[in-house]
Amino acid sequence: MTGIFSLVSKAIPLLEFLLIIVLFFLVLMALFFYVSLFYSEILGAPFVSLRKKYLKEILKFGGLKEEDVLFDFGSGDGRVLITAVENFGIKKAVGFEASPCVYWLSKFFIKIRGLNSKIKIFPQNFLKIEKEEFEEATFVFLYLFPKPVEKLFKSQLFQLKPGTKILCVSFSPKLENHYYRLLKSEKVGWHTIYLYQKI
Ligand SMILES: C[S@@+](CC[C@H](N)C(=O)[O-])C[C@H]1O[C@@H](n2cnc3c(N)ncnc32)[C@H](O)[C@@H]1O
């Protein structure tokens, strides 16, 4: 009896120590998660995902085809890229995601689905990417706040090939030039979707 009692009393400090270590890592992970989300908000848009049931409808509205190469600027947890490959059979999907936490989450989802050969994600600020990094795009997906949408239309998207489709969810740019054509817009769930084409 005394033996069991002394064994338990010796195990308690060890358990306390392990509990402190686990708590420390949980706090560290939560901190990393919040800093990562705060960072994407500073860059232009927080991580908010589209509901999967709307996503297929939105991509169908955009007329996504098998031969398309889809680019998602701010690819979040990768669900747009994954849906485009799995449900629309496209040959290639590319994402740019600046928030480290969300980037690693998307890498994980893509790996467990075995889609590494068809989907590439870069941990990059999309406002800093060069033309060569997105010139194969035929379909661009944007679910961002108005400011980054305006910036992209005035810089990177300006360099897209004529005919490339640009699908904007919720926010559309105020266009003052003749380099993009609005093909159509529609309400899907509570989002208004705008489909543009580079002229
Ligand atoms: C509203 S979420 C959209 C996520 C995904 N496209 C979807 O529809 O499910 C916007 C994403 O863009 C990312 N983001 C915001 N500004 C960015 C920037 N300048 N460069 C790269 N990613 C950015 C955020 O971290 C966030 O994950």
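## Ligand shell

In this predicted model, the shell around the ligand comprises 14 nonpolar, eight polar and three charged residues. Of the 25 residues around the ligand, those that come nearest are S40, G74, G76, A98 and S99. Two helices, α1 (2-43) and α3 (79-88), each contribute at least two residues to this shell.

## Annotated domain

An unreviewed UniProt entry lists residues 50-169 as "domain: DOT1". Within the model, helix makes up 35% of that span and strand 19%. The C-alpha atoms at the two ends of residues 50-169 are 9 Å apart.

## Helix α2

Which residues of helix α2 (residues 52-61) are buried? They are L55, I58 and L59. These three lie on the same side of α2, because the arc they cover around the axis is only 95°. An α-helix has 3.6 residues a turn, so residues three or four places apart point the same way. On the other side of α2, K53 and K60 are exposed.

The buried residues of α2 pack against α3 and against three strands, β5 (165-169), β6 (180-188) and β7 (191-198). After α2 comes G63, which has a positive phi near 70°.

## Helix α3

Besides supplying residues to the ligand shell, α3 has buried residues at V80, L81, I82, T83, A84 and V85. The buried residues of α3 pack against two helices, α2 and α4 (100-112). Their strand partners are β1 (69-73), β2 (92-96), β3 (119-122) and β4 (139-142). α3 is followed by G89, and the phi of G89 is positive, near 65°.

## Nonpolar core

The largest nonpolar core holds 43 residues, of which L70, A84, V140, F141 and L142 touch the most other members. The largest share of this core comes from α3, with five residues. In soluble globular proteins, nonpolar side chains tend to be buried together.

What is L70 in contact with, leaving aside its neighbours within four places in sequence? The contacts are L64, L81, A84, I90, A93, F139 and F141. Among them, L81 and A84 are buried residues of α3. A84 and F141 are, like L70, among the core residues that touch the most other members.

Notes:
Residues are numbered from 1 along each chain as its sequence is written. This is a predicted model: local features need pLDDT of at least 70, side-chain atom pairs count only at pLDDT 80 or more; totals for chains, interfaces and linings use all residues. UniProt positions are given in the numbering used here, feature names are shortened, and annotations may be inferred rather than shown by experiment. Helices (H or I, at least four residues) and strands (E, at least two) are DSSP runs, numbered from the N terminus. A residue is near a molecule or strand if its C-beta atom, placed from the backbone, lies within 6 Å of it. Ala, Val, Leu, Ile, Met, Phe, Trp, Tyr, Cys and Pro count as nonpolar, Asp, Glu, Lys and Arg as charged, and the others, Gly among them, as polar. A residue is buried if 20 or more other C-beta atoms lie within 10 Å of its own, exposed if 12 or fewer, and partly exposed in between; C-beta atoms are placed from the backbone. The arc is that of the directions from the helix axis to the C-beta atoms. Two residues are in contact if their C-beta atoms, placed from the backbone, lie within 7 Å. A nonpolar core is a set of buried Ala, Val, Leu, Ile, Met, Phe, Trp, Tyr and Cys residues joined through C-beta atoms within 7 Å.
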